[in-house]
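Let's take a walk through this small set of coordinates together, starting from the overall layout and ending with the charged side chains. Keep the viewer open and follow along.

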Amino acid sequence: MLHSMSTTVEPSSERSADEVNEEIRALWLRSGGTLSSEQREEYQRLVLEWAAALPQPVKVA
């Protein structure tokens, strides 16, 4: 059975973008620069979490 990756982000925690970025960096270091398919899935999840954790710009009316 094939599963598609969701494009919606449901944060599992209230981590900051910096914290998620550190986890992304650690993943790349552990992998030696080449991600397995499982690591790519984790990377994609982390990037979405990182983007969701970025501060949102304030719109001025």
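Before we start, one working definition: two residues are in contact when they have heavy atoms within 4.5 Å. With that in hand, look at Leu35, which touches Leu27, Trp28, Arg40 and Tyr43, leaving aside residues up to four places away in sequence. Keep in mind throughout that what you have on screen is a predicted model.

Now zoom out. The protein's secondary structure amounts to 2 helices and 0 strands. There are 61 residues in the protein, and buried ones make up 13% of them. The accessible surface comes to about 5,200 Å², with carbon and sulfur atoms accounting for 55% of it. As for how the chain meets itself, take the contacts between residues at least 6 apart in sequence: 53% of those join residues at least 24 apart.

Let's go to H1 next. This helix runs over residues 17–31. Its 15 residues reach 21 Å from the first C-alpha to the last, close to the 21 Å expected at 1.5 Å a residue. Just after H1 comes Gly32, and its phi is positive, near 75 degrees.

Which residues of H1 are buried? They are Ala17, Val20, Ile24, Leu27 and Ser31. These buried residues sit on the same side of H1 because they cover an arc of only 80 degrees around the axis. The general rule behind such a pattern is that an α-helix has 3.6 residues a turn, so residues three or four places apart point the same way. Turn to the other side of H1 and you'll find Asp18, Glu22, Leu29 and Arg30 exposed. And what do the buried residues of H1 pack against? Their partner is H2.

That brings us to the nonpolar core. In soluble globular proteins, nonpolar side chains tend to be buried together. Here, the largest nonpolar core has 5 residues in all: Val20, Ile24, Leu27, Leu35 and Leu46. H1 is the biggest contributor to this core, giving 3 residues. Leu35 is a member of the core, and Leu27, one of its contacts, is another member.

A couple of C-alpha distances give you a feel for how residues far along the chain are placed. Gln44 is in helix H2, and it counts as partly exposed because its relative accessible area is 37%. From Gln44 to Ile24 the C-alpha distance is 9.6 Å, with the two residues 20 apart in sequence. Val47 also has its place in helix H2, and at 27% relative accessibility Val47 is partly exposed too. The C-alpha atoms of Val47 and Glu23 are separated by 10.0 Å, and these residues are 24 apart along the chain.

Glu23 is a handy bridge to the last topic, the charged side chains. Side chains of opposite charge can pair when their charged atoms come close. How many salt bridges does a search of the whole structure find? It finds 4. In one of them, Glu23 pairs with Arg15, and their closest N and O atoms are 2.4 Å apart. Glu23 is partly exposed, since its relative accessible area is 22%, and Arg15 is partly exposed as well, at 25% relative accessibility.

Arg15 has a second partner: it forms a salt bridge with Glu49, with closest N and O atoms 2.9 Å apart. This pair ties together distant parts of the chain, as Glu49 belongs to helix H2 (residues 37–53) while Arg15 lies in the segment before helix H1, 34 residues apart. Is Glu49 buried or exposed? Glu49 counts as buried, because its relative accessibility is 7%, and the cut-off for buried is under 20%.

Glu49 also makes a salt bridge with Arg45, the closest N and O atoms lying 3.4 Å apart. Glu49 and Arg45 are separated by about one helical turn, because they are 4 residues apart in helix H2. With a relative accessible area of 38%, Arg45 is partly exposed. Put these pairs together and you get one network, in which salt bridges that share partners join Arg15, Glu23, Arg45 and Glu49.

Methods: Residues numbered from 1 in each chain as written. Predicted model: local features only at pLDDT ≥ 70, side-chain atom pairs only at ≥ 80, totals over all residues. Heavy atoms only, no water. Salt bridge = Lys/Arg side-chain N within 4 Å of Asp/Glu carboxyl O. Buried < 20%, exposed > 50% of the residue type's maximum accessible area, 1.4 Å probe, protein only. Areas by Shrake-Rupley, 256 points an atom, 1.4 Å probe, with all protein chains shown as cover. Core = buried A, V, L, I, M, F, W, Y, C linked by side-chain atoms within 4.5 Å. Expected span 1.5 Å × (residues − 1). Arc of directions from axis to C-beta.
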